[in-house]
Structure formats: C-alpha cells, structure tokens
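Visitor: I am new to this structure and would like to learn how its descriptions are justified. Could you take me through the reasoning step by step?

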Amino acid sequence: MIRVLIADDHHVVRRGLLFFLKTQKDIEVVGEAKNGLEAIELAESVQPDIILMDLVMPEMDGIQATKRIKAKFPHIEILMLTSFSDRDHVVPAMEAGAAGYQLKDIEPDELVLSIRRIMRGENTIHPEATTTLEQNREEAENAPHNINPLTPREQDVLAELTKGKSNREIASSLFVTEKTVKTHISNIFTKLQVQDRTQAALYAVKHGLTEGSGIA
C-alpha cells in the first residue's frame, strides 16, 4: 500500500481527494492536515510514503513545511498539488525537495499515476511547471553560477547514475540503502534543475562531473 497524507487548507479539496483515493486498491490515506504545521506533526506520527502538499496554507505554507519534513524525514516524498505554475512558486517548491509538482486541474487518474510514479522513484511535473523550470534553467545557465552545487556524496551518486546504473546497483557500489540513493537522486534533480536521469547524466557529462568525488 502507498500511504498518503493530504495537506490542504480547503476542506472540500481534502474531502474530494480522500473520496477518490479511497477507491484505489494500492493507496491508503493515513491522515489529513489543514496547514503546514499539522503536516509536519502528522508526517512524524503517521510516517506516510507521500504527502500531497498544497502551497498556500495558513500557519505555515507548503514550501516551508516541505523543507522541514525533508530535513527530518528525507524518505518521505512530497507531491505539490497547487493552483500556481509561476516561477515564484514552482522553483522554491522544487528546491525545497518536492519530488513532483502538479496543478489542481489534473485529471484524477493522472494524479494517481503521479503518486505511483513518485513511489517508483520517478519525478512527475505538470507541463506548465516544466515550462517554468526550463525557463528558469535557461536563465541560470546564461548567468555566472557554480556549475557543481552538489555535495560530495551526491556527486558520487551522479557519477554512478551517469554510468547507467540502477538505484540498487548504485546502493551496492556506495554501500548505502536504495532509499538513501533515491533521496540523493531527488536532491540532484532539484539542484541541477533537471527532470530525469537522462538530463542529469547529460548535465554531468557537459560539466565534467562524471568522475565522482571518491569520498566514501
């Protein structure tokens, strides 16, 4: 079962999501939060696999809640579910550690597919949010910046990923768990502003980041 926590300040939205997700045999809703603070508290108490996180909420917004949850529970994945696709929302959300970004106009079946993709370690981003990220990346590439924002361990994971290795093979090579590898890859995607393993590998080759740091 995929254990899902819903965090949204609108009761109608939470009820609608709960009603639909309950019809899925592989998904279990384990809690509901109406703001970011409640999301953090429930994340600790129920330990969901995935949190459907709204962005604009009282007490604490979804971005701040995501930062705190990912810092304390890196294995919990965050799928942003919001109405905003502008840079001021999309970029900070992905930088905070979200594994996916979808708009609330998403079809219910596509939302379920997004949840399953994230559970498999894949990213899922709405086309409008993708366009925003691409524009932001293009601007960043044309401005002076550090081409290697990764930690030494993330660079090791990127080097293994570039060789075409699976999460399991990377975990074996670096003597860590697959869940740890999954977390590092999510961080790599966010920091490099890429959407998948292929783009990450291309970035690594382009900027000479394919050798890893060699740090255990």
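Guide: Please keep in mind that this is a predicted model. We can begin just after helix H2, where Gln47 takes a positive phi of about 50°.

Visitor: Which residues of helix H2 are buried?

Guide: Helix H2 covers residues 36-46, and its buried residues are Gly36, Ala39, Ile40, Ala43 and Val46. The word is used for a relative accessible area under 20%.

Visitor: How do you know on which side of H2 these buried residues lie?

Guide: Around the axis they cover an arc of only 160°, which puts them on the same side of H2. A general rule helps here: an α-helix has 3.6 residues a turn, so residues three or four places apart point the same way. On the other side of H2, Glu41 and Ser45 are exposed.

Visitor: What do the buried residues of H2 pack against?

Guide: They pack against three strands, E1 (2-7), E2 (27-33) and E3 (50-53), and also against helix H3 (62-72).

Visitor: What makes Asn35 a cap of H2?

Guide: A side-chain oxygen of Asn35 lies 3.1 Å from the backbone nitrogen of Leu37, and a polar contact asks for N or O atoms within 3.5 Å, so Asn35 is said to cap the N-terminal end of H2.

Visitor: Where is Asp54, and why is Asp54 called buried or exposed?

Guide: Asp54 has its place in the loop between E3 and H3. Its relative accessible area is 5%, and since buried means under 20%, Asp54 is called buried. In an unreviewed entry, UniProt lists Asp54 for "modified residue: 4-aspartylphosphate", and UniProt also lists residues 3-119 for "domain: Response regulatory", again in an unreviewed entry. That span is 46% helix and 22% strand, and its end C-alpha atoms lie 10 Å apart.

Visitor: Which residues is Asp54 in contact with, leaving aside its neighbours within four places in sequence?

Guide: Asp54 is in contact with Ala7, Asp8, Asp9, Gly62, Leu81, Thr82 and Lys104. Two of these names return in a network of salt bridges, where Asp8, Asp54 and Lys104 are linked.

Visitor: What makes the pair of Lys182 and Glu77 a salt bridge?

Guide: In their side chains, N and O come to 3.9 Å, and the limit for a salt bridge is within 4 Å, so the pair qualifies. Lys182 lies in helix H9 (residues 178-192) and Glu77 in strand E4 (residues 77-82), so the pair ties together parts that are 105 residues apart in sequence. With a relative accessibility of 3%, Glu77 counts as buried. A search of the whole structure finds 16 salt bridges.

Visitor: How do you know that Glu160 forms a salt bridge with Lys165, and what are their relative accessibilities?

Guide: The closest N and O atoms of Glu160 and Lys165 are 2.5 Å apart, which again satisfies the limit of within 4 Å. Glu160 stands at 10% relative accessibility and counts as buried, whereas Lys165, at 23%, counts as partly exposed.

Visitor: Why is Arg168 called exposed and Glu178 partly exposed?

Guide: Exposed means over 50%, and partly exposed lies between that and the limit for buried; Arg168 has 59% relative accessibility, so Arg168 counts as exposed, while Glu178, with a relative accessible area of 38%, is partly exposed. Their side chains meet in a salt bridge (3.4 Å, N to O), with Arg168 in helix H8 (residues 167-174) and Glu178 in helix H9, 10 residues apart.

How values were computed. Residues are numbered from 1 along each chain as its sequence is written. This is a predicted model: local features need pLDDT of at least 70, side-chain atom pairs count only at pLDDT 80 or more; totals for chains, interfaces and linings use all residues. Side-chain values use heavy atoms; hydrogens and water are left out. Buried means under 20% relative accessible area, exposed over 50%, partly exposed in between (1.4 Å probe, protein chains only). Helices (H or I, at least four residues) and strands (E, at least two) are DSSP runs, numbered from the N terminus. The arc is that of the directions from the helix axis to the C-beta atoms. Contact means heavy atoms within 4.5 Å. A polar contact is a pair of N or O atoms within 3.5 Å; within protein, one must be able to donate a hydrogen and the other to accept it, and residues adjacent in sequence count only if both atoms are side-chain atoms. UniProt positions are given in the numbering used here, feature names are shortened, and annotations may be inferred rather than shown by experiment.
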